[in-house]
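Please open the model in your viewer and keep the selection tool at hand. The stops below say what to select next and what is to be found there.

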Amino acid sequence: MTKPSLPELLHAAVTAVGGTERPGQVSMAEAVAEAVDDNAHLLVQAGTGTGKSLGYLVPALAHGERVVVATATLALQRQLVERDLPRTVDALHPLLRRRPQFAMLKGRSNYLCLHRLHEGAPQDEEEGLFDQFEAAAPSSKLGQDLLRLRDWSDETETGDRDDMTPGVSDRAWSQISVSSRECLGATKCAYGAECFAEAARERAKLADVVVTNHALLAIDAIEGAPVLPKHEVLIVDEAHELVSRVTGVATGELNPGQVNRAVRRAAKLVNEKAADALMTASEGFERVMELALPGRLEEVPEDLGYALMALRDAARTVITALGGTRDKSVQDEDAVRKQAMASVESIHSVAERITQGSEYDVVWYERHDRFGASVRVAPLSVSGLLREKLFADRSVVLTSATLKLGGDFNGVGASLGLAPEGTAGDDIPQWKGLDVGSPFDYPRQGILYVARHLATPGREGSRTDMLDELAELVEAAGGRTLGLFSSMRAAQAAAEELRGRQDKPILLQGEETLGELIKNFAADPETCLFGTLSLWQGVDVPGPSCQLVVMDRIPFPRPDDPLMSARQKAVEEAGGNGFMAVAATHAALLMAQGAGRLVRAMGDKGVVAVLDPRLANARYGSYLRASLPDFWYTTDRNQVRRSLAAIDGAAKAAS
């Protein structure tokens with residue numbers, strides 16, 4: 001039997017999921033197949049509606065080697081494992097004459113821990129262990145969540161938190177889960193044979209396709225101890241998110257509350273001298289943090305340096321002492337020791353990292369209304385790490401609807417550690433960029449309106465002219481508005497203002513769960529949804545409920561963001577344009593994601609309105625506009641009101 005061709009396989013898969021074949025999807029599948037066969041690297045931009053999941057799954061499954069697919073969002077992981085992969089495997093089975101296996105793999109803390117569930121969590125304040133199910137009042141939210149978890153533990157096959165609906169609070173979940181550092185290990189644990197996390201790892205070892213998340217991919221790369229099974233092909237979906245997820249994993253934090261917990265956990269398990277030294281160091285650190293003012297620390301202040309060295313040395317002593325102590329009053333000592341060890345090791349590693357003072361790290365103070373001050377450390381850049389760890393020994397395909405910024409892939413490529421496309425040389429990963437376009441006719445389906453007449457937004461202060469403009473646009477659109485704001489304060493102010501001016505329902509992020517808000521927004525065309533960052537890329541509402549997407553301003557990073565400003569300064573010191581490389585790239589990525597909320601299906605029509613005149617007037621405006629879908633562009637406010645009214649009228653007539 002002849003080997004089936006890629007178009008045949010793609011046709012079978014698209015038919016199985018009830019989709020439509022698109023030229024962009026075919027181009028993408030061919031490019032992915034070529035990259036995988038040549039052990040090469042590919043950046044591919046595939047607009048909304050292309051069907052990019054099948055564009056990479058079909059050639060990856062046809063190749064026959066093990067593939068890891070890493071995504072940023074839970075929604076896409078679920079779509080792959082519950083919908084796309086089962087149907088694709090079924091469709092390709094008769095043609096490939098084999099049935100590829102697939103599995104989902106996440107970090108250990110995403111799985112219910114049977115040891116924690118049955119033996120209880122080590123308690124900080126009390127000796128030994130406590131039964132968290134008895135300690136929480138059954139009538140409390142925590143108590144109800146824990147009882148639901150206990151019932152769910154009897155019926156779940158995966159133990160995966162995301163399979164539990166409705167979900168439970170982070171606080172409840174933390175009572176019955178462990179981090180990889182806290183885990184006793186399958187051989188030492190009484191429940192090792194039934195462990196959900198171990199079972200997930202075993203399934204992944206046997207699977208042809210392993211679906212994971214960016215965070216676990218980052219841990220696998222950074223920590224050196226392989227978490228993912230060996231694989232020949234890596235596909236990173238939602239690749240525009242990768243740098244920020246890797247940065248998050250590589251960021252360390254210390255705050256007094258976390259240090260105090262470690263002191264309490266270790267106190268019963270080590271000699272008095274070691275415990276006292278950690279307690280004294282903890283108190284010294286807390287005193288320093290009481291005076292901490294938010295902002296970057298170009299050099300570690302002397303008082304903080306001394307406090308961190310004392311913490312580091314005391315933590316090291318405790319780690320050594322934890323090895324041999326046996327305290328008869330402590331029940332289930334292995335679990336208690338493991339949790340204490342994890343807490344103290346975390347403090348030791350962050351304190352040591354900051355005191356060593358690498359030129360490649362950025363250190364800053366942060367203040368949180370609820371948790372007080374913390375000191376944080378993050379890599380100035382993760383590009384070197386990604387170049388070294390991501391692109392060696394395997395073919396890598398990175399895909400997203402937004403990878404091409406300002407007209408090319410080099411900006412995103414640089415953030416991933418890649419030299420400009422076409423650069424040759426030893427140890428330089430070779431890659432290709434491909435934009436397969438979108439099936440949508442953007443100039444006919446959408447308008448990009450820039451409110452050129454408004455005042456340039458300042459850092460603070462109310463923007464009355466912007467709120468007036470917003471109210472008029474919402475009125476013309478008959479509701480149907482997704483409002484994307486650069487801060488929660490701006491979203492709240494706009495919601496309050498518009499609720500006072502008109503009778504259209506205004507939903508505000510934070511007043512209900514995100515899933516519930518999006519469901520209610522989609523259900524009623526007159527409703528508006530206002531919110532901040534997570535809405536810029538988390539909303540998929542095709543049809544008449546979302547016909548106006550408003551951005552209140554260009555989403556540059558805050559000038560006082562320590563990490564972004566440090567990255568910008570580093571580019572400038574190297575002779576580059578820091579503003580364009582960091583701030584403008586950050587804004588372009590978010591604006592492209594935000595504008596992508598408008599057209600989600602072939603029949604969608606509407607307006608993306610940017611209430612920031614700099615998009616029309618500033619020199620960098622053309623770079624930002626080139627990163628957005630190719631909508632028809634105007635700065636004519638009367639024209640846009642007429643268009644919105646016409647779109648509203650057509651939607652009402654059709655309903």
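Select V450 to begin, and then V610 in β17, which stands opposite V450. These residues belong to a predicted model, in which local features need pLDDT of at least 70 and side-chain atom pairs count only at pLDDT 80 or more, while totals for chains, interfaces and linings use all residues. Residues are numbered from 1 along each chain as its sequence is written, and side-chain values use heavy atoms, with hydrogens and water left out.

Widen the selection to strand β12 (residues 446-450) and strand β17 (residues 606-610), which pair in the parallel sense over five bridges; two strands pair if DSSP finds at least two bridges between them. Strands here are DSSP runs of E with at least two residues, and helices are runs of H or I with at least four, numbered from the N terminus.

Now show the whole sheet, which is open, has seven strands paired in parallel, and follows the order β14-β15-β13-β16-β17-β12-β18. At its edges stand β14 (506-508) and β18 (632-634), each with a single partner strand, so one side of each is left without a neighbour in the sheet. Neighbouring strands are turned by 15 degrees against each other on average, direction ignored.

Add helix α24 (residues 578-595), which packs on this sheet and touches β13 (481-484), β16 (548-551) and β17, its direction making about 160 degrees with that of β16. Contact means heavy atoms within 4.5 Å, and axes are lines fitted to C-alpha atoms, for helices over the stretch in contact, with angles running from 0 to 180 degrees between N-to-C directions. Next select helix α27 (residues 637-654), which lies across β12, β16, β17 and β18 and runs at about 145 degrees to β12.

Move on to R296, whose bridge partner in β8 is W364. Two bridges join β7 to strand β8 (residues 361-368), and the two run antiparallel. They belong to an open sheet of four strands with antiparallel pairing, in the order β6-β9-β8-β7, where the edge strands β6 (252-254) and β7 (295-296) each pair on one side only.

Finally, select helix α13 (residues 272-290) and helix α14 (residues 302-322), whose axes come within 8 Å and cross at roughly 155 degrees. The helices α13 and α14 are therefore roughly antiparallel to each other, a term used for angles over 145 degrees. Among the residues making the contact are L278 and F285 of α13 and L304 and L311 of α14.

Conventions
Angles under 35 degrees count as roughly parallel, over 145 as roughly antiparallel, 65 to 115 as roughly perpendicular and the rest as oblique.
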